[in-house]
Amino acid sequence: MLGKVMKYDSKRIGRVLIPVYLVTILMAGVNYVFQRLTGINAIFGMMSALVLLVFILLLIGVMIGTFVISIKDFYTNLLKDEGYLTNTLPVSKETLVMSKILVGLGYCICSTIVVFVAISLGFFDANLFTIIIDGLTSGFIAKITGIPQPWDVVFIASMMLLSYLSQLLFVFFAISLGGRHHGNRIVYSFVYGIVLYSIQQLISIIWLGMLAII
């Protein structure tokens, strides 16, 4: 049953993100063309700067948008009017929430790949792809983490994924607490988010202080 729920969640979010992915890849090609035309005259130089700005904003928007869309889907599909229909399905609430988490992580990975490919295409002349690969295989990460290659890259990727997961769960939890109230759910969710964030920071400070003492 989890697979069926994930299928519908993936399609619903994909209707928004997949066109954005295609536009991002297309914009990478446009940026590559204009970067090559920069030296022809000043007009192409100005247009190239504008295209580059739009391309960079689009790359940032893909990553931030993936996080925001995952949160919006969780809120609208489970806590707003649409939630009444969703909660009547013969599926446990744990399955519904797990589907949101797994689909959110899946699209996070897809967005990261799209951004990586777009950067490699958009700045092909700069050999950015080669620079990134050389940076990953140079052993620099292994020296910092103390983990042998290639597990150092796996470790960093896992930590990034876990960090994204923790932030996703953090927001989901705050929204769920705010959804227990009948009115002003967004306001209550925001307040719960501030309280949870304060508790999280307090625990981090205590933990770091204990480590420093030890």
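**Exercise 1. Determine how many disulfides the structure holds, and account for the count.**

Solution. A search of the whole structure finds zero disulfides, a disulfide being a pair of cysteine sulfur atoms within 2.5 Å. Take Cys-108: its closest cysteine sulfur belongs to Cys-110 and lies 9.2 Å away, which is too far for a bond. Cys-110 is likewise in no disulfide, its nearest cysteine sulfur being that of Cys-108.

The model is predicted: local features need pLDDT of at least 70, side-chain atom pairs count only at pLDDT 80 or more, and totals for chains, interfaces and linings use all residues. Residues are numbered from 1 along each chain as its sequence is written, and side-chain values use heavy atoms, with hydrogens and water left out.

**Exercise 2. Classify Cys-108 and Cys-110 as buried, partly exposed or exposed.**

Solution. Start with the cut-offs: buried means under 20% relative accessible area, exposed means over 50%, and partly exposed lies in between (1.4 Å probe, protein chains only). Cys-108 has 8% relative accessibility, so Cys-108 is buried. Cys-110 has 36%, so Cys-110 is partly exposed.

**Exercise 3. Locate Ala-49 and classify its exposure.**

Solution. Ala-49 is found in helix H2, residues 42-78 (helices are DSSP runs of H or I with at least four residues, numbered from the N terminus). Its relative accessibility is 46%, so Ala-49 counts as partly exposed. Gln-35 is 14 residues from Ala-49 along the chain, and their C-alpha atoms are separated by 8.6 Å.

**Exercise 4. Place Leu-53 in its helix and state its exposure.**

Solution. Leu-53 is found in helix H2. With a relative accessible area of 47%, Leu-53 is partly exposed.

How values were computed: Helices (H or I, at least four residues) and strands (E, at least two) are DSSP runs, numbered from the N terminus.
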